[in-house]
Amino acid sequence: MTMIDCADCKLANGKPAACCQEISIRMGPPSDIKFWEDLRWMVAHKNVSVARKISDGEWYVIFETECEQLTSHGRCWVYDSRPSICADYSSKTCVINGVGDLYDLEFNSYEDFTQYMKENVIPEHEKELNQSQIKIKNFMNQIKNWPLR
């Protein structure tokens with residue numbers, strides 16, 4: 001694969017500076033229904049998507065918004081004093097030069113994410129709840145039958 005230089009970077013839609021077209025915020029691994037509801041609320045907004053990263057399985061919120069420090073030619077106005085997150089970004093692993101897909105699940109609409117929750121998240125939580133209820137019943141029976149009562 002031939003790597004391109006940042007100066008030659010163009011997205012499929014013709015916009016320059018692919019890495020400067022969005023902000024991705026790591027949300028971490030799912031912990032409870034509130035986590036999922038928060039993601040669902042976020043994806044209900046324009047230019048916001050949520051995705052699960054292949055490399056770590058964690059969820060990210062992606063804001064599709066171009067950096068205001070880009071010139072009309074896609075060059076950085078503040079290159080010499082750019083934030084460290086920009087300076088640390090490697091062209092070897094960027095969205096153009098990287099290998100393979102970055103995300104295995106990505107949702108751009110409230111409806112699609114809600115459907116994913118109905119088909120995957122809710123049944124998994126119901127299963128966990130049922131297992132917990134069985135454990136509680138077993139524990140209650142152990143307490144009732146404990147010989148030193």
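Student: What makes the contact between Glu 58 and Arg 26 a salt bridge?

Tutor: In this predicted model, the side chains of Glu 58 and Arg 26 meet with 2.7 Å from N to O. The criterion asks for a side-chain nitrogen of Lys or Arg within 4 Å of a carboxyl oxygen of Asp or Glu. The pair at 2.7 Å is therefore called a salt bridge. In general, side chains of opposite charge can pair when their charged atoms come close.

Student: Which parts of the chain does the pair of Glu 58 and Arg 26 link?

Tutor: The pair links distant parts of the chain, 32 residues apart. Arg 26 belongs to strand E1 (residues 23–28), whereas Glu 58 sits in the loop between strand E2 (48–53) and strand E3 (59–63).

Student: Is Glu 58 buried or exposed, and how is that known?

Tutor: The relative accessible area of Glu 58 is 17%. Buried means under 20%, so Glu 58 is classed as buried. Its partner Arg 26 has 52%; the limit for exposed is over 50%, so Arg 26 is classed as exposed.

Student: How many salt bridges does the structure hold, and what makes the contact of Asp 38 with Lys 34 one of them?

Tutor: The structure holds 4 salt bridges. For Asp 38 and Lys 34, the closest N and O atoms are 3.1 Å apart; the cut-off is 4 Å, so the contact qualifies. The two residues lie 4 apart in helix H1 (residues 33–43), a separation of about one helical turn. Lys 34 is exposed at 55%.

Student: Why is Asp 38 called partly exposed?

Tutor: Asp 38 has a relative accessible area of 29%. Partly exposed covers the range between the 20% and 50% limits, so Asp 38 receives that label.

Student: How do the accessibilities of Arg 40 and Glu 37 read against these limits?

Tutor: Arg 40, at 17%, is buried, and Glu 37, at 33%, is partly exposed. Their side chains also form a salt bridge, with 3.2 Å from N to O. Arg 40 and Glu 37 are 3 residues apart in helix H1, again about one helical turn.

Student: What makes E1 and E4 the edges of the sheet?

Tutor: The open sheet has 4 strands in the order E1-E3-E2-E4, with antiparallel pairing. E1 and strand E4 (103–107) each have a single partner strand, so one side of each is left without a neighbour in the sheet. From one strand to the next, the twist averages 25°.

Student: How do you know that E2 and E3 are paired?

Tutor: The two strands run antiparallel and are joined by 5 bridges. Pairing requires at least two bridges, so E2 and E3 meet the condition. Arg 52 stands opposite Trp 59 in E3.

Student: Why is the aromatic pair of Trp 36 and Tyr 116 called tilted?

Tutor: The count comes to 11 aromatic pairs. Among them, Trp 36 and Tyr 116 lie 6.3 Å centre to centre with 45° between the planes. The distance limit is 6.5 Å, and an angle that is neither under 30 degrees nor over 60 counts as tilted, so both parts of the label hold. Trp 36 lies in helix H1 and Tyr 116 in helix H3 (residues 110–144), so the pair ties together parts that are 80 residues apart in sequence. Trp 36 is buried at 7%, and Tyr 116 is buried at 14%.

Student: What makes Arg 82 lie over the face of Tyr 79?

Tutor: Arg 82 is placed over the face of Tyr 79 at 3.8 Å from the ring centre. The distance limit is 6 Å, so this value satisfies the distance part of the rule.

Notes:
Residues numbered from 1 in each chain as written. Predicted model: local features only at pLDDT ≥ 70, side-chain atom pairs only at ≥ 80, totals over all residues. Heavy atoms only, no water. Buried < 20%, exposed > 50% of the residue type's maximum accessible area, 1.4 Å probe, protein only. Axes fitted to C-alpha atoms, helices over the stretch in contact; angles between N-to-C directions. Phe/Tyr/Trp six-rings, centres within 6.5 Å; stacked < 30°, edge-to-face > 60°. Lys NZ or Arg CZ within 6 Å of the ring centre and 35° of its normal.
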